[in-house]
Amino acid sequence: MARVYFNASLEKHAGCVSVAVAAQNYRALLEELTQKLPQLTQEVLMPLALVIDGEIVQEPFLADFSAEAELHFIEKIAAG
Amino acid sequence: MSEAREFKHIGQRTIRPDGFDKVTGKANYGADLSLPGMIWGAILRSPHAHANIKKLDVSRAEASPDVLAIATFEDFPSVNAAAQRDGTHREGMMDTACNILANQKVLYHGHAVAAIAARSQAAAIAALDLIDVEYEVLTPVLNIDDAISATAPILHETMMTQGLAEPATEASNVSARMELKKGDIEAGFAAADVIVERAYDTPTVHQGYIEPHATTVVFNDNGPSMIWCPTQGHFDVRARVAQLLNLELGQIKVVASEIGGGFGGKTTVYLEPVALILSKKSGRPVKMEMSRGDVFRASGPASASQSRIKVGAKMDGTITAMQATLHYEAGAFQGSPMGPGCMTVFTPYDVENLYVEGFDVVVNKPKVAAYRAPGAPQSEFAAEMAVNELAKKIGMDPIEFRLKNAAKEGTQTIYGPKLKVVGLEACLEAAKSSPHYTAPIPENVGRGLAAGFWFNIGGQSSVIINLNPDGTGTIIEGSPDIGGSRASMQMMAAEILGVAPSSLNPIVADTEHVAYNQTTGGSRTTFATGMAVVEAAEDIVEQLKARAAAMWNVTAEQVDFKDGVAQNLSGEDQLTLAEICASAEKTGGQISGRANINARGAGPSFAVHICDIKVDKETGKTDVVRYTAIQDAGKAIHPSYVEGQFQGGAVQGIGWALNEEYVYSKDGIMENAGFLDYRIPLASDLPEIEAIIVEVPNSFHPFGVRGVGETGIIPPLAAVGTAVAEAIGQPISSLPCSPPKILKLLMAAR
C-alpha cells in the first residue's frame, strides 16, 4: 500500500504521522483519507500540492501513483 | 534524459529575438500604448499608514467638468456593500479588492483610496484634490515586534491566527502559524559539541524593476474588453479582474506588453481593474501609470523578516540539529511567503533532527508580493550565517563543512519528500576548485560563502507552432518573457525540428490567441513552457513524416525525420522541412503543432556563492571586490541567459544585503520612495559577477532543464553578510550592512 506522511501542521488534523492507503490516484486518496481521518477535510487537503516519490505535483487532480508510493502534501509553491 | 547528448542548438549563444527591438526603442512596454479618445486615470492615495476613513466625499470631483469618471471600493460588484447585503460577495477577493481601493480603512502610506479619470494626466492628478476624505488616524504597526506585542493595535478585527494547537479566540496581527519537524530536535542538540544560536533580521525591500506599473484599457459592452499591461501572468490578470468585476473570462482580453522587469512583483493587479471601472463609466479608453514613488509605496515589496536560528554540530563537523523560528511581515493583508521560507530554510543540509516554526504577521506596510524565490532569501540568510559561524567555531572550511552535511539524492527534507538527483555537491566542488576560492584573500578583505535552495515548479503551459509554406514558422506561447525565454523556446523547437532558430519567430500571444498559461514565475517557464514547445514540435515532426509519406505514397512508419530532413526508408528520397511545407497545400493544408500540458517533474536547484568585500573602516562603506555565482542549471539552454540570471540574482541579493531597505518615519511614512534614496546597486558599484554553470540534468525534462531564475538571489545575503563580518571582525545579524550600521558596529568594538 502507498503511505502518506503528514508534516507537523497536517499532523494536527490527521492525528498521526503517517497512514497507509489503498488508493492509487488522487481522487481516491482524498476520499480514503477523509473517511479514515475525518479531521483531515477536503478543505484542508485540496489547496495543497501532492508530492509523489519526491516529485511535486502542483495540480494533482488526475495524478496517479503506485502501491509503493511515498506521498506528502505540501503548500503549493508560489511564483517569483 | 540522463545520458550525455549532443545538441546542435541547445547550449549555443544565439542572438536573442527580442534584442534588436529593445535596444532600438521599438519594443512596446506598459506605458507605450495610446488609443484614440483615450483619457487618463489617477489614484488618490492615503497620507497615513493606519486610519479609519470617516468620510469619503467625491461630490466636488463629480461636479468638475474635467472629471469623466470616479472609482471607489463600492465599484467592485464582487465585494461591495450591495454584494454583502445580497450575499453574493466573493469573500476570497476581499483582501485583493481592499488593497486595490481601500474599504473604510487605510492600512499603509500610499494605500489607494479612490481614482479619477480626466482628459489629461495633469487634469486627473489635479482633480484628486476635489475628493474630500476625513481620516481618523490610528497608531501604525510598523514591525514584527510591535505587531505581535500584547498591546498592538489590531489591523483586522476579524483575523484569527490559523495553525495554533488550539483554535484562536481573539483577533491578532498574526494570521498563520506553520510548524515543520523531523527527528528529535532535543536529542539532536544534546548530541552536539558546539551550538550557535542567533537572531537575524532582514528589511522590507523592493524588486526594483525599472518599469513602473502601467496599463491601458478599453471597456467593451459588446465584446471583450481589452487590457494592455506589463505582467508576468496575463491569464491571471484576466482572472482577477473578472472576479473583481463579476465578468466572465471571455469578456476580457489581456495583452502582455514587453516587460521592464518583474522578479515576482508583477504577478498581481493594482491598476488594471480600476482602469476598467473608469473606462466603463466614461465610455473611453483609459490609461494609468504609477510614479516611482507609487511603485515603492503601494506595489508589493518583499517581506521583512526576523529569524532565530539554532544549529548544533559535533566537532567532526556533523550537524546534529537545526532549529528556526521565522517571522515574516505580510504587509497590510495576510499572505507572506512564510511557508516556502520554512520549507527551504534547512534544505541544503542532510540533517536528522530539524524543527521550524513560522509566523505570518500583518503590519502597516504595503501588501508584499513575490520576489525571486519568495521567502527563501530571508530564512536561508539566517541559516547560512549560523552555519558559517558554526564552521568557524569548529575550525572547518565552510565548503568542507557543507560537503560533509550536504543534501543529496535521498535526503529527506523537512517538508516531507526525499530529494531526487540534485546538484548541491557538484556546486560545492565547483566552488572549491574555482579560481575565486583558490585565490588568496586579499589584505583588508573579508570572504563569505553561502548556499541556497529553491524548489522550481512546473504547471500549465500551452504552445502552438505554425509552419509557413517556406518552412519558417511562429512559436505562439503564453508565458510573458521576463528573462529571455523566447530565445530558449526558439532553440528548443529548432533542436527538434532541425532548422535554424532564427527561422522560428517566438511570440507571446494575448489571452484570446493561445490557451491558458500559468504566470511566469517560480523558475517554471523554460522548464514547463519549454516542455510544451518540445511536445508541439514533436507533434509537427509526426505530421511532417505523414506528409512526406503521402508525397512518396508510403506509410509514415517508412519515413524517418532527422536534422530537418525526411528520409524515405524504402528508398533514397529525401525532403527538407521547407520542401514538405511548400507542398502542404497538396497534402492536407498548412502544418501546425500544439501542446497543452500541466508539466510535472520540476528539478530543484542549488547554488553556492562566494563574495569578497572590502570595508572602509572610516566611513563604513563596503565594496564588493570579487563575486562568483555557481548554480546547477540542469541544462543551460542558452548559457548567456543562464549566466545573466545568475548575475542578476546575485546583484539583487547584494543590494538586499548591503544597502536596500524601506525607511519609515515613526508615523509610518515611507521616507525613501525613489532610487536616489533607495539605493540599488549600479553597474559601476560592482565587479563582473563570475558565473559558473553546473549541469546535473533533470531527468523529467527532455533536455534536462531545472530552471534558474530564483535560486541565484538566495545565497548573496549570507555570502555578503559573512564577508562583511570577516572584514570588520564583528558578527552581522541585521541587513542591510549599510554604512551607518557598519560604523556603529565598528565604534562599539573600539
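**View 1. Helix H9 of chain B, largely enclosed.** In this predicted model, helix H9 of chain B covers residues 272–282, and nine of its 11 residues are buried, so the rest of the structure largely encloses it. Running along the helix, the buried ones are Glu272(B), Pro273(B), Val274(B), Ala275(B), Leu276(B), Ile277(B), Leu278(B), Ser279(B) and Ser282(B). Look just past the end of H9(B) and you'll find Gly283(B), which has a positive phi, near 70°.

**View 2. Helix H14 of chain B and its buried face.** Here we're looking at residues 424–432 of chain B, where Leu424(B), Cys427(B), Leu428(B), Ala430(B) and Ala431(B) are buried. Sight down the axis of H14(B) and those buried residues fall within an arc of 160°, so they line one face of the helix. As a reminder, an α-helix has 3.6 residues a turn, so residues three or four places apart point the same way. What do the buried residues of H14(B) pack against? Two of the partners are helices, H13 (398–405) and H15 (435–438) of chain B. The others are strands of chain B: S16 (445–454), S24 (605–615), S25 (622–632) and S26 (689–694).

**View 3. Where chain A meets chain B.** The contact involves 23 residues of chain A and 34 residues of chain B. Between them the two chains bury about 2,200 Å², with 59% of it on carbon and sulfur atoms. On the chain A side, Glu55(A), Ile77(A) and Gly80(A) lose the most area to chain B, and together they make up 25% of what that side buries. Across the boundary between chain A and chain B there are three salt bridges, plus seven residue pairs in polar contact, counting pairs with both residues at pLDDT 80 or more. Helix H1 (8–14), strand S3 (48–52), strand S4 (55–57) and strand S5 (70–75) of chain A each supply at least two residues of the side that touches chain B. That side of chain A divides into 10 nonpolar, six polar and seven charged residues.

**View 4. Two salt bridges between the chains.** Side chains of opposite charge can pair when their charged atoms come close. One such pair is Arg600(B) and Glu55(A), whose closest N and O atoms are 3.1 Å apart. Another is Lys418(B) with Glu70(A), at 3.3 Å from N to O. This second pair runs from the loop between H13 and H14 of chain B, where Lys418(B) sits, to strand S5 of chain A, home of Glu70(A). Are its two partners buried or exposed? Lys418(B) is partly exposed, with a relative accessible area of 36%, whereas Glu70(A) counts as buried at 16%.

**View 5. Salt bridges of helix H12 in chain B.** Arg198(B) and Glu389(B) form a salt bridge, with their closest N and O atoms 2.6 Å apart. It links distant parts of the chain: Arg198(B) is in strand S8 (residues 194–202) and Glu389(B) in helix H12 (residues 376–394), 191 residues apart. Arg198(B) counts as partly exposed, at 27% relative accessibility. Also shown is the salt bridge between the side chains of Glu384(B) and Arg402(B), at 2.8 Å from N to O. Glu384(B) lies in helix H12 and Arg402(B) in helix H13 of chain B, so this pair ties together parts that are 18 residues apart in sequence. Glu384(B) is buried, at 1% relative accessibility, and Arg402(B) is buried at 1% too.

**View 6. A salt-bridge network in chain B.** Arg16(B), Asp18(B), Lys22(B), Glu258(B), Asp481(B) and Arg486(B) are linked in a network of salt bridges. For the wider picture, the whole structure has 34 salt bridges over all chains.

**View 7. Asp510(B), a buried acid in a loop.** The loop in question sits between strand S19 (504–508) and helix H17 (525–552) of chain B. Asp510(B) is buried, with a relative accessible area of 12%. What does its side chain reach? It reaches the backbone nitrogen of Glu512(B) at 2.7 Å, and a polar contact of 2.9 Å joins the side chains of Asp510(B) and His513(B). Leaving aside neighbours within four places in sequence, Asp510(B) is in contact with His234(B), Phe235(B), Lys253(B), Val254(B) and Val255(B).

**View 8. Ser738(B), between two helices.** Ser738(B) lies in the loop between helix H21 (715–728) and helix H22 (739–749) of chain B. At a relative accessible area of 8%, Ser738(B) is buried. Beyond its neighbours within four places in sequence, Ser738(B) is in contact with Leu658(B), Asn659(B) and Glu661(B).

Notes
Residues numbered from 1 in each chain as written. Chains lettered and ligands numbered in written order. Heavy atoms only, no water. Helix = DSSP H or I, 4+ residues; strand = E, 2+ residues; numbered from the N terminus. Buried < 20%, exposed > 50% of the residue type's maximum accessible area, 1.4 Å probe, protein only. Contact = heavy atoms within 4.5 Å. Polar contact = N/O pair within 3.5 Å; in protein donor to acceptor, adjacent residues only side chain to side chain. Arc of directions from axis to C-beta. Buried area = accessible area lost by both parts, 1.4 Å probe. Salt bridge = Lys/Arg side-chain N within 4 Å of Asp/Glu carboxyl O. Nonpolar A, V, L, I, M, F, W, Y, C, P; charged D, E, K, R; others polar.
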